[in-house]
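Subject: Structure handover

Hello,

Here is the structure you asked about. My notes on what turned up in it follow below.

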Amino acid sequence: NYQSKILSNIVIFIMSFGNWLFWNWQPSLAMHIPDGFLSLPISLITWAIAIALIIVALNQVQAKYQERTVPIMGVCAAFIFAAQMINFPIPGGTSGHLLGGTLAGILLGPWAGALVVSVVFIVQAVIFQDGGITVLGANIANMGLIGTFGGYYLYRAIRSAIGRDSWRGMAIATAISAWSSVFIASILVAIQLALSGTVPLNVGISAMAFWHLLIGIGEALITLAVVSFVWRTRPDLLYNPSQNSKISNSRPLVQR
């Protein structure tokens, strides 16, 4: 069925690209949140959130998106997978890396974007041991829900306020939302670690906030570069394209 086709295409694309990437970049691999760092209640709550997110996202993608969106989802997933392979160790027991959730949301919309990053996290944890299995729900919730949904709707609000159809409005909205999604997600991870008794809250927040403040700048620059390129070359590929798009013969990737 359509849902299976979506997931299988994304997984195949990631696996073929990730196999090459793993053997060439293996020394740089690190963990998201490792197994054993979250308490059972926190793990169960985040697993419930993650499962609900994936189920609703699959239903929304099936109902609203056209079939030709699937290849774009695969390409976006492979790019995010590659970007996330570069990890930065963080004092306090975890690591930081680029998320790509806001980028996925801007290109694909919040539902397809959340589905893409969720599949990326599952493949990373199961195949490449990048992140724990028992805490996979937390990684999906933190970086999928906050990174994709939070980043996208912040982007949308800022872009509407500054100038929906101007490059300036798009650029400012993209940079702020990409940075914010990384920073807020890092604070949420610190809170989860503190609630689980892994590290004190002040230690977790100071470590995560400082490093992700800097990582967020890189996320903002990369996201802005990709979105700007698409904006100037194929604006119809954006989930919420400019009304001034000059490509009149292109069909939208999502039914609105």
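Which residues of the largest nonpolar core touch the most other members? They are L107, L108, F121 and L238, in a core of 48 residues. Several helices feed this core: helix 2 (40–64), helix 3 (69–84), helix 4 (101–108), helix 5 (110–128), helix 6 (136–162), helix 7 (167–195) and helix 8 each supply at least two residues. Helix 5 gives the largest share, with 12 residues. Please keep in mind that this is a predicted model.

Another core, of 10 residues, lies apart from the largest one; I42, A138, V189 and V199 are among its members. As background, nonpolar side chains in soluble globular proteins tend to be buried together.

To return to L108, its contacts, leaving aside neighbours within four places in sequence, are Y65, T69, I72, M73, C76, G113, V116 and Y239.

Aromatic rings

The search of the whole structure gave 6 aromatic pairs. One of them joins F149 and Y153, which are stacked at 6.4 Å centre to centre with 25 degrees between the planes. Both residues sit in helix 6, 4 residues apart, or about one turn of the helix. Is each of the two buried or partly exposed? F149 has a relative accessible area of 13%, so it is buried, the limit being under 20%. Y153 has 41% and therefore counts as partly exposed.

W179 and F183 make another stacked pair, with 5.0 Å centre to centre and 10 degrees between the planes. These two residues are about one helical turn from each other because they are 4 residues apart in helix 7. W179 is partly exposed at 28% relative accessible area, and F183 is also partly exposed, at 22%.

Ring pairs also link a cluster made up of W111, F149, Y152, Y153, Y155 and Y239. F149 and Y153, the stacked pair in helix 6, therefore belong to this cluster, and Y239 is both a member of the cluster and a contact of L108.

Surface

What makes up the nonpolar surface patch of about 570 Å²? F210, W211, L213, L214, I217 and L221 form it. L221 is found in helix 8 (residues 201–233). With 56% relative accessibility, L221 counts as exposed, because the cut-off for that class is over 50%. Helix 8 is also one of the helices that supply at least two residues to the largest core.

Regards

Terms used: Residues are numbered from 1 along each chain as its sequence is written. This is a predicted model: local features need pLDDT of at least 70, side-chain atom pairs count only at pLDDT 80 or more; totals for chains, interfaces and linings use all residues. Side-chain values use heavy atoms; hydrogens and water are left out. Patches are made of residues with over 30% relative accessible area and no salt bridge: like charges are joined within 9 Å, nonpolar side chains (Val, Leu, Ile, Met, Phe, Trp, Tyr) within 5 Å. Accessible areas come from the Shrake-Rupley method with a 1.4 Å probe; for residues, only the protein chains shown count as cover. A salt bridge is a side-chain nitrogen of Lys or Arg within 4 Å of a carboxyl oxygen of Asp or Glu. Buried means under 20% relative accessible area, exposed over 50%, partly exposed in between (1.4 Å probe, protein chains only). A nonpolar core is a set of buried Ala, Val, Leu, Ile, Met, Phe, Trp, Tyr and Cys residues joined through side-chain atoms within 4.5 Å. Contact means heavy atoms within 4.5 Å. Rings of Phe, Tyr and Trp (its six-membered ring) pair if their centres lie within 6.5 Å; planes under 30 degrees apart count as stacked, over 60 as edge-to-face and the rest as tilted.
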